[in-house]
Amino acid sequence: MPLLLLLALLLLAPAASFAQSPPPPLGWASAVANDGVVMVSPKRDASQRVALTLLPVMIPAAPVKAWFGNEAVGLAKGFGTFAGATDVMEDGAILLRIAKVQTANGLEIRAIFYGYASPHGYQIAVLMIPPKVGDNDPRLQVATDYVERLAAAHFDLVLPRSQAQAGPSQMPNLGPAAPRMSPQGGPIYQARPVLGPGHDVPLKGVYFMAGFADGAVYGGVGTTMTFGQHAVQQLMLLYANGVAVKADVTGGNLAGHHQSEGFATLDVTDPRVVSQGGFGRWSQQGGTITVNWNYAQPSVLTRNGANLEGRGERWSPYHLADGDRLEGLFVRRMEAGLRSQAIVLKPDGTFQADGVNVVLGGEIVMPQFPAQGVGTYQITKGSMILAFSNGFTVAVACVIDGNTVLLNNFPFVRER
């Protein structure tokens, strides 16, 4: 059954439980179809259910932002009469586009398209919203939060059918093997390997910019958005091999490769990685640096002391956590009734962790990440690399701010 027809039917049909699908949000039902995994919200009135579909991972074309926008419109037209769509919006590592469609039976539905880069290409999810569901319906936030968790763990959906269609030669080698399904039916994301010799390219400069940009700002719930100037905080990394990377400080960039793992796993020697959005090539002549981005107009930046300045841009030097050794008990305190997480870090490079796996999605997406364990750590290129004594190694984005260590933006505060 085609995906779009299945979605329309699920909006009107009773919910059911299915095995062998990624765990849906609490209370939602899910089904595995040839065209993806469909998750349906609970609701007494079947006409008010919303449905979230994870499509099989796709192979994007450059520039990724334009490709995603076209894919969203093409999918929306499959629902019925296309009534228009917003511009493509950026929310950290996630791209969004919202479309309106009139179905054959006269229903005006909204569809939110989410997209993010993943180990095997690009993951797209579609949220179908019936006309009786308001913008502030809490289920829309549940769906958005769910997609954000998957994006933070770089999860993508590779079904046997999509593997047979694409073939190994067409699958970009952007990370580990495809997510497997656990015996309980959950997705298993494999941590990206830390870069080895020949792939660990030195950084020539790291810069920070805080400013404003024009455009649409996604509000995070339903179709709520505003237009105009909004604050941005970004990093720009210049590598010794001429690759440039632009990333949001709050987690991720357009390509999404280092949203949750920092830069210790970002292989800028791989052409299939650096050809995507968020990347470019930089060169320097005298005091001027030119960056030709894959997805945007070039940046021409002139040195002004330690800063780099251009039209509407002012970048200041930024220190990535690198080579640090910490000492103390760092705790992420939770509200009453919820279990807190903690990590003990020692100057000799050893650690003891309790619950730190939550920073990469916990058991829902990475069950092999030990909930408790000991091992050794190192901090390099904005990543804390945890090597557990059982042999599991994972890199987590790391920012050190005084007595607080941010692991994938989860704050752990030194208590002693």
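**Exercise 1. Describe the barrel in this predicted model: which strands form it, and in what order do they close?**

Solution. Begin with the strands themselves: the barrel is built from eight of them. Following the pairing around gives the order E19-E20-E21-E22-E23-E24-E25-E26, with antiparallel pairing. From one strand to the next, the twist averages 35°.

**Exercise 2. Examine how strand E20 is joined to strand E21.**

Solution. Locate the two elements: E20 covers residues 341–345, and E21 covers residues 350–354. Next, consider their directions, which are antiparallel. Four bridges join the two strands. Finally, take one position as an illustration: Val344 has Gln352 of E21 standing opposite.

**Exercise 3. Characterise the protein chain by its secondary structure, burial, contacts and surface.**

Solution. The secondary structure consists of five helices and 26 strands. Turning to burial, 54% of the 416 residues are buried, where buried means under 20% relative accessible area. For contacts, consider those between residues at least 6 apart in sequence: 55% of these join residues at least 24 apart. The accessible surface amounts to about 18,200 Å², and carbon and sulfur atoms account for 53% of that area.

**Exercise 4. Assess the confidence of the model and locate stretches where pLDDT is under 50.**

Solution. Start with the chain as a whole: the mean pLDDT is 77, and 76% of the residues reach 70 or more. Then inspect individual stretches. Residues 1–21 stay under 50 in pLDDT, and the model gives them 50 contacts beyond four places in sequence. The pLDDT is also below 50 over residues 214–228, a stretch with 45 contacts beyond near neighbours in sequence.

Key: Residues numbered from 1 in each chain as written. Predicted model: local features only at pLDDT ≥ 70, side-chain atom pairs only at ≥ 80, totals over all residues. Heavy atoms only, no water. Pairing = 2+ DSSP bridges. Axes fitted to C-alpha atoms, helices over the stretch in contact; angles between N-to-C directions. Buried < 20%, exposed > 50% of the residue type's maximum accessible area, 1.4 Å probe, protein only. Contact = heavy atoms within 4.5 Å. Areas by Shrake-Rupley, 256 points an atom, 1.4 Å probe, with all protein chains shown as cover. pLDDT = per-residue confidence, 0-100.
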